[in-house]
Amino acid sequence: MAPGELQRLVESTVRGLGLDLAELELSNRNSMLRVFIDKLHGFSHAPEREAVTVADCEAATRQLQRVLEFVGENPRIAIARIRIEC
């Protein structure tokens, strides 16, 4: 899968979960996918910006595993909040 195509796929997947793709890294000969996420601004009705939770990271990991398996890709996935590992 081309890098731009992968980025669009990951971005649309995490957006569906109310998250924003901050950065994406593909390493180890395309066998490791690192995805950095943040909460999607305006998705919540809370007045302050919410932090990404461990549950958000887990949900993003599970959903990305399903989507990538469906399109025939099978990298290991690591999801991280901006600046803080999940």
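In strand β3, the bridge partner of Val-35 is Ile-79, and this pair is a convenient place to enter the predicted model. Residues are numbered from 1 along each chain as its sequence is written, and side-chain values rest on heavy atoms, with hydrogens and water left out. Because the model is predicted, local features need pLDDT of at least 70 and side-chain atom pairs count only at pLDDT 80 or more, whereas totals for chains, interfaces and linings use all residues.

The protein chain contains two helices and four strands, where helices (H or I, at least four residues) and strands (E, at least two) are DSSP runs numbered from the N terminus. Read from the N terminus on, these elements follow the order α-β-β-α-β-β.

Val-35 and Ile-79 belong to a pairing in which six bridges join β2 to strand β3 (residues 76-81), the two running parallel; strands are said to pair if DSSP finds at least two bridges between them. On the pairing with strand β1 (residues 19-27), β2 is antiparallel, and eight bridges are found there. Within that pairing, Leu-26 stands opposite Leu-33 in β2. Six of the eight residues of β2 are buried, so this strand is largely enclosed by the rest of the structure; here buried means under 20% relative accessible area, exposed means over 50%, and partly exposed lies in between (1.4 Å probe, protein chains only).

β1 and β2 form a hairpin with four residues between them. Asn-28, which lies in the loop between these two strands, has a positive phi of about 50 degrees although it is not a glycine. With a relative accessible area of 53%, Asn-28 is exposed.

Turning to charged side chains, a search of the whole structure finds four salt bridges, each defined as a side-chain nitrogen of Lys or Arg within 4 Å of a carboxyl oxygen of Asp or Glu. One of them joins Asp-56 to Lys-39, with the closest N and O atoms 2.9 Å apart. This pair links distant parts of the chain, since Asp-56 is in helix α2 (residues 54-70) and Lys-39 is in strand β2 (residues 32-39), 17 residues apart. Both ends of this bridge are withdrawn from the surface by the cut-off used here, for Asp-56 is buried at a relative accessible area of 13% and Lys-39 counts as buried at 17%.

Glu-11, Arg-15 and Asp-20 are linked in a network of salt bridges. The side chains of Glu-11 and Arg-15 meet at 3.7 Å, N to O, and because these residues are four apart in helix α1 (residues 3-15), they are separated by about one helical turn. Arg-15 also forms a salt bridge with Asp-20, where the closest N and O atoms are 3.3 Å apart. In this network Glu-11 is partly exposed, with a relative accessible area of 27%; Arg-15 is likewise partly exposed, at 37%, and Asp-20 is partly exposed at 23%.

For the chain as a whole, buried residues make up 33% of the 86 residues. Residues 24 or more positions apart account for 45% of the contacts with a separation of 6 or more, a contact being heavy atoms within 4.5 Å. The accessible surface comes to about 5,700 Å², of which 49% belongs to carbon and sulfur atoms, the areas being computed by the Shrake-Rupley method with a 1.4 Å probe, and for residues only the protein chains shown count as cover.
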